[in-house]
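Hello,

Here is the structure I promised to pass on to you. Have a look at it first, and then read my notes below.

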Amino acid sequence: FEVRPSSVDEQVRAGERPAALVERLARAKAEDGAQALALEPGGPWPVLGADTIVVLDEEILGKPRDADHAVEMLTRLVGRTHAVLT
């Protein structure tokens with residue numbers, strides 16, 4: 001197996017629900033990977049695209065900007081119910 005990061009824009013679209021977002025991003029990442037692999041010999045190659053998001057009080061938490069922001073985000077989650085969608 002080989003992990004290949006994609007160049008997919010992960011911005012949330014206006015009105016996009018969390019489940020729709022994670023599905024759209026996973027599909028887009030798989031399509032991006034398949035296009036990149038189409039140029040390599042020996043194919044066709046299987047591709048698995050995935051994305052994971054955290055939702056707290058209906059707010060989609062994005063990727064942290066830096067280590068301090070990551071600590072801030074994790075602190076918000078402590079002792080609270082949240083959802084993780086993949």
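**Pockets, strands and a core**

The lining of the largest pocket is made up of 11 nonpolar, three polar and five charged residues. Please keep in mind as you read that this is a predicted model.

How much space lies in that largest pocket? It is about 630 Å³. The pocket is lined by 19 residues, and those closest to its centre are E2, V3, R4, V47 and L48. If you wonder how empty space is found at all, rolling a probe the size of a water molecule over the atoms shows where it is left.

Next comes the second largest pocket, with about 360 Å³ of space. Its lining has 18 residues, and T52, I53, L61, G62 and K63 lie nearest the centre. Two or more residues each come from helix 1 (18-37), strand 1 (53-56), strand 2 (59-61) and helix 2 (67-77). Which of these elements gives the largest share of the lining? That is helix 2, with four residues. By class, this second lining holds 12 nonpolar, three polar and three charged residues.

Now follow strand 1 in your viewer. Three bridges join strand 1 to strand 2, and the two run antiparallel. They form a hairpin with two residues between them. In the turn you will find D57, which has a positive phi of about 50°. Strand 1 is also joined to strand 3 (residues 83-85) by three bridges, again in an antiparallel arrangement.

V54 is a good residue to click on here. Its bridge partner in strand 2 is L61, and in strand 3 V54 stands opposite V84. You may recall L61 from the second largest pocket, where it is among the residues nearest the centre.

Finally, which residues form the largest nonpolar core? There are five: L21, V22, L25, I53 and V55. Helix 1 and strand 1 are the elements that give two or more residues to this core, and the largest share, three residues, comes from helix 1.

I53 is worth a second look, as it belongs to this core and is also one of the residues nearest the centre of the second largest pocket. Leaving aside residues up to four places away in sequence, I53 touches P18, L21, V22, I60, A83, V84 and L85. Of these neighbours, L21 and V22 are core members too.

Enjoy exploring, and write back with any questions.

Best wishes

Terms used. Residues are numbered from 1 along each chain as its sequence is written. This is a predicted model: local features need pLDDT of at least 70, side-chain atom pairs count only at pLDDT 80 or more; totals for chains, interfaces and linings use all residues. Side-chain values use heavy atoms; hydrogens and water are left out. On a 1 Å grid over the protein atoms alone, a cavity is a set of points where a 1.4 Å probe fits but cannot get out, and a pocket is an open set with protein on both sides within 12 Å along at least five of seven lines; lining residues have an atom within 4 Å of a point. Grid points are joined across faces, edges and corners, and a volume is the space filled by probe spheres set on the points. Ala, Val, Leu, Ile, Met, Phe, Trp, Tyr, Cys and Pro count as nonpolar, Asp, Glu, Lys and Arg as charged, and the others, Gly among them, as polar. Two strands pair if DSSP finds at least two bridges between them. A nonpolar core is a set of buried Ala, Val, Leu, Ile, Met, Phe, Trp, Tyr and Cys residues joined through side-chain atoms within 4.5 Å. Buried means under 20% relative accessible area, exposed over 50%, partly exposed in between (1.4 Å probe, protein chains only). Contact means heavy atoms within 4.5 Å.
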